[in-house]
Amino acid sequence: MGWETRGNRTYYYQKRRQGGRVISEYVGNGETAALIAQLEDISHDDRERERQVERIRREDAEAFDAELKQVY
């Protein structure tokens with residue numbers, strides 16, 4: 001996702017893959033686009049936090065399994 005300057009104006013575009021190509025989709029400019037960009041940043045941060053929590057859970061489960069194997 002990102003801001004692109006064209007001429008003297010700045011526009012917000014979303015990027016996505018379609019087949020082997022990257023497609024740019026115009027979202028907007030101005031305050032509305034800035035708010036959409038902020039929401040996407042928050043969503044990205046939430047997904048990253050979820051990945052970190054899952055990684056920690058997996059590491060804790062592996063450590064617990066290793067301790068159980070030592071006991072039995």
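This passage describes the fold, the strand pairing and selected residues of a predicted protein model.

The model is predicted, and local features were accepted only at pLDDT of at least 70, side-chain atom pairs only at pLDDT 80 or more, whereas totals for chains, interfaces and linings use all residues. Residues are numbered from 1 along each chain as its sequence is written, and side-chain values use heavy atoms, with hydrogens and water left out.

The protein contains three strands and one helix, arranged along the sequence in the order β-β-β-α. Helices (H or I, at least four residues) and strands (E, at least two) are DSSP runs, numbered from the N terminus. The C-alpha trace extends over about 70 × 30 × 15 Å along its principal axes. The radius of gyration, taken over C-alpha atoms, is 21 Å, against a value near 11 Å for a compact globule of 72 residues; the globule rule is 2.2 Å times the number of residues to the power 0.38.

Of the 72 residues, 12% are buried, where buried denotes under 20% relative accessible area, exposed over 50%, and partly exposed the range in between (1.4 Å probe, protein chains only). The exposed area of the protein is about 6300 Å², of which carbon and sulfur atoms supply 49%; accessible areas come from the Shrake-Rupley method with a 1.4 Å probe, and for residues only the protein chains shown count as cover. Contacts are defined by heavy atoms within 4.5 Å. Among contacts between residues at least 6 apart in sequence, 18% join residues at least 24 apart. The 13 positive and 15 negative charges have mean positions 9 Å apart. Lys and Arg count as positive and Asp and Glu as negative, without His or the chain ends; each charge is placed at NZ of Lys, CZ of Arg, CG of Asp or CD of Glu.

Two strands are taken to pair if DSSP finds at least two bridges between them. Strand 1 (residues 2-6) and strand 2 (residues 9-18) run antiparallel and are joined by five bridges. Within this pairing, Thr5 lies opposite Thr10 of strand 2, and Trp3 has Tyr12 as its bridge partner in strand 2. The two strands form a hairpin with two residues between them, and Gly7 in the turn adopts a positive phi of about 70°.

Strand 2 also pairs with strand 3 in the antiparallel sense, over seven bridges; Tyr13 is matched there with Tyr26 in strand 3. This hairpin likewise has two residues between its strands, with Gly19 in the turn at a positive phi of about 65°. Gly20 belongs to the loop between strand 2 and strand 3 (21-28) and counts as exposed because its relative accessibility is 73%. The C-alpha atoms of Gly20 and His44, 24 residues apart along the chain, are separated by 23 Å.

Ala37 lies in helix 1 (residues 30-71) and counts as buried because its relative accessibility is 8%. Not counting residues up to four places away in sequence, Ala37 touches Trp3 and Tyr12, which are bridge partners. The C-alpha atoms of Ala37 and Val53, 16 residues apart along the chain, are separated by 24 Å.
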